[in-house]
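Welcome, and thanks for taking a look at this chain with me. Please keep the sequence and the 3D view open side by side as you read.

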Amino acid sequence: MGLNYRKTKIKLNYLESKPTRYKIQQLTYPQVSYEQLVEEVAQSRGVNSSATRSVVDALLNRLIHYMEIGHGVSLGSFGSFKPTFTVRAVKVLDDADESTLKVKKVRFYPGGQFQKMLKGLNVTGGSEALDVTE
């Protein structure tokens, strides 16, 4: 199946001439719940869902623990998670401290299995354009 999109007509109101442009916009689908995912993993492995949930919760707990103390965490061929932050630059060395912190975030670096999935992911669509103002 892959990613689906529709064509969208937009007006660039921030420009004086307000030109019309077109772009594709990704269609979204309902998110798969944690409970549904645990149930499917349990069924596919012949294990009860409470045991599966317990293992997944423990894995997530350890992943968070290590990132809280600054470590990156690898999930094998799926990829790695690394805690990081962005800061604003200052003119004086002594002003460079945690008060210049802009955003704390977690970066995801896809592993081989994830990259293979992305390369093979189909992108399809093309329904009629809709009026959208940006």
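What follows is a short tour, from the overall fold down to a few individual residues.

**The whole chain**

A word before we start: this is a predicted model. The protein chain contains three helices and six strands, and their order along the sequence reads β-β-α-α-β-β-β-α-β. How spread out is the chain beside a compact globule? Its radius of gyration is 22 Å, well over the 14 Å that the globule rule gives for 134 residues, so the chain is more spread out than a compact globule. Along the principal axes, the C-alpha atoms fill a box of roughly 60 × 55 × 25 Å.

Burial and surface come next. Of the 134 residues in the protein chain, 11% are buried. The accessible surface amounts to about 10,900 Å², and carbon and sulfur atoms account for 54% of that area. As for charge, the chain carries 19 positive and 13 negative side chains, with the centres of the two sets 8 Å apart. Looking at contacts between residues at least 6 apart in sequence, 43% join residues at least 24 apart.

**Five residues to visit**

Here is a small table to help you find your way around.

| Residue | Relative accessible area | Class |
|---|---|---|
| Thr100 | 5% | buried |
| Thr52 | 9% | buried |
| Thr84 | 26% | partly exposed |
| Lys18 | 46% | partly exposed |
| Val106 | 48% | partly exposed |

Let us begin with the two buried threonines. Thr100 sits in the loop between strand E4 (79-87) and strand E5 (101-110). With a relative accessible area of 5%, Thr100 falls under the 20% cut-off and therefore counts as buried. What does the side chain of Thr100 reach at 2.7 Å? The partner is the backbone oxygen of Asp97. Leaving out residues up to four places away in sequence, Thr100 also touches Val87, Arg88, Val90 and Asp95.

Thr52, by contrast in setting, belongs to helix H2 (residues 49-68). Its relative accessibility of 9% makes Thr52 buried as well. Beyond residues up to four places away in sequence, Thr52 touches Val38, Val41, Ala42 and Val47.

Now turn to strands E4 and E5. Thr84 is in strand E4, where it is partly exposed at 26%. Once neighbours within four places in sequence are set aside, Thr84 is in contact with Val103, Lys104, Lys105 and Arg107. For a sense of distance, try Thr84 and Asn122: they are 38 residues apart in sequence, and their C-alpha atoms are 31 Å apart in space.

Val106 lies in strand E5. Not counting residues up to four places away in sequence, Val106 touches Met67, Phe81, Lys82 and Pro83. Another pair to mark in your viewer is Val106 and Ser77, which are 29 residues apart along the chain and have C-alpha atoms separated by 18 Å.

**A backbone detail**

Our last stop is Lys18, in the loop between strand E1 (3-11) and strand E2 (20-26). Most residues other than glycine have a negative phi. Lys18 is not a glycine, yet its phi is positive, at about 45 degrees. The relative accessible area of Lys18 is 46%, so it counts as partly exposed.

Notes:
Residues are numbered from 1 along each chain as its sequence is written. This is a predicted model: local features need pLDDT of at least 70, side-chain atom pairs count only at pLDDT 80 or more; totals for chains, interfaces and linings use all residues. Side-chain values use heavy atoms; hydrogens and water are left out. Helices (H or I, at least four residues) and strands (E, at least two) are DSSP runs, numbered from the N terminus. The radius of gyration is taken over C-alpha atoms; the globule rule is 2.2 Å times the number of residues to the power 0.38. Buried means under 20% relative accessible area, exposed over 50%, partly exposed in between (1.4 Å probe, protein chains only). Contact means heavy atoms within 4.5 Å. Accessible areas come from the Shrake-Rupley method with a 1.4 Å probe; for residues, only the protein chains shown count as cover. Lys and Arg count as positive and Asp and Glu as negative; His and the chain ends are not counted. The place of a charge is taken as NZ of Lys, CZ of Arg, CG of Asp or CD of Glu. A polar contact is a pair of N or O atoms within 3.5 Å; within protein, one must be able to donate a hydrogen and the other to accept it, and residues adjacent in sequence count only if both atoms are side-chain atoms.
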